Amino acid sequence: MFRIGIGHDTHRLAPGRTLVLGGIEIESELGAEGHSDSDALCHAITDAILGALCEGDIGMHFPDRDPRWKDADSLELLSRVMWLVSERGFRVINVDATVMLERPRLRPYIDQMREKLAGVLSVEMECVSVKAKTGEGVDAVGESRAVMSQAVVLLQLV
Ligand code: MG
């Protein structure tokens, strides 16, 4: 049996914050605001997995009012959800994700993100796709007010 899930995440950008995407620190004047490390890519993938399992959303599992998740490493949240995946008898087949950020260009970081995510998802790097898009100067992403991410994940019962 296969299960598919979709995830989306948005974080506001602000000076004085670190920008982390896919567990990789990005050199940037603006970072993502939020309760955890605000890694929009990890959050979208985490939500996609929870969606595939019909297990609610990331806010249900890791509430932003809970001090335990203050400045939390989102790879750690993802690995906790991966524990749920294996507990239910599933494994990840592949992940396809898009990060929407006006600047900097993410191309130099993409393979590092894929490698890091693949490790947590227990798959080969070839099973993790991360694509980068700008906002073409339009809307919150284009005006560098936000970073967004989307992800689709396929799980298989093993
Ligand atoms: Mg988030």
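This text walks through one helix, one strand and a few salt bridges. The model is predicted.

Start with helix α4, which covers residues 110-121. How far apart are its end C-alpha atoms? They are 16 Å apart. That agrees with what its 12 residues should span, because at 1.5 Å a residue the expected value is 16 Å.

Now look at which residues of α4 are hidden. Ile 110, Met 113, Arg 114, Leu 117, Ala 118, Val 120 and Leu 121 are buried. Seen down the axis of α4, these buried residues fall within an arc of 160°, so they line one face of the helix. Turn to the face that points away from this buried side. There you find the exposed residues Glu 115 and Gly 119.

What covers the buried residues of α4? The cover includes two helices, α1 (40-52) and α3 (74-87). It also includes the strands β2 (19-21), β3 (24-26), β5 (90-100) and β6 (128-133). Then follow the chain past the helix. Ser 122 comes after α4, and its phi is positive, near 55°.

Stay with α4 for one more feature. Arg 114 forms a salt bridge with Asp 111. Their closest N and O atoms are 2.9 Å apart. The two residues are 3 apart in α4, so about one helical turn separates them. Is Arg 114 buried or exposed? Its relative accessibility is 18%, so Arg 114 counts as buried. The cut-off for buried is under 20%. Its partner Asp 111 has 45% relative accessibility, so Asp 111 counts as partly exposed.

Helix α3 holds another salt bridge, and it is one of the elements covering α4. Here the side chains of Arg 80 and Glu 76 meet, at 3.1 Å from N to O. These residues are 4 apart in α3, so they too are separated by about one helical turn. Arg 80 is partly exposed, at 40% relative accessibility. Glu 76 is partly exposed as well, with a relative accessible area of 37%.

A further pair is Arg 65 and Asp 64. They form a salt bridge whose closest N and O atoms are 3.8 Å apart. Both residues are exposed. How many salt bridges are there by this rule? The count comes to 8.

Next, move to strand β1, which runs over residues 2-15. Two of its residues are worth a look: Ile 4 and Leu 13. Ile 4 is exposed, with a relative accessible area of 61%. Leu 13 has 12% relative accessibility, so Leu 13 counts as buried.

Which residues does Leu 13 touch, leaving out those up to four places away in sequence? They are Leu 19, Leu 30, Gly 31, Ala 32, Leu 101, Ser 144, Arg 145, Ala 146 and Val 147. Ala 146 deserves a second glance. Leu 13 and Ala 146 are 133 residues apart along the chain. Yet their C-alpha atoms are separated by 4.9 Å.

Ile 4 belongs to a different setting. Together with Ile 6 and Val 152, Ile 4 forms a nonpolar patch on the surface. The three residues have about 320 Å² of accessible area together.

Look back at the model with these places in mind. On α4, the buried residues line one face, while Glu 115 and Gly 119 sit on the face turned away. In β1, Leu 13 is buried, whereas Ile 4 is exposed.

Methods:
Residues are numbered from 1 along each chain as its sequence is written. This is a predicted model: local features need pLDDT of at least 70, side-chain atom pairs count only at pLDDT 80 or more; totals for chains, interfaces and linings use all residues. Side-chain values use heavy atoms; hydrogens and water are left out. The expected span of a helix is 1.5 Å times one less than its number of residues. Buried means under 20% relative accessible area, exposed over 50%, partly exposed in between (1.4 Å probe, protein chains only). The arc is that of the directions from the helix axis to the C-beta atoms. Contact means heavy atoms within 4.5 Å. Patches are made of residues with over 30% relative accessible area and no salt bridge: like charges are joined within 9 Å, nonpolar side chains (Val, Leu, Ile, Met, Phe, Trp, Tyr) within 5 Å. Accessible areas come from the Shrake-Rupley method with a 1.4 Å probe; for residues, only the protein chains shown count as cover. A salt bridge is a side-chain nitrogen of Lys or Arg within 4 Å of a carboxyl oxygen of Asp or Glu.
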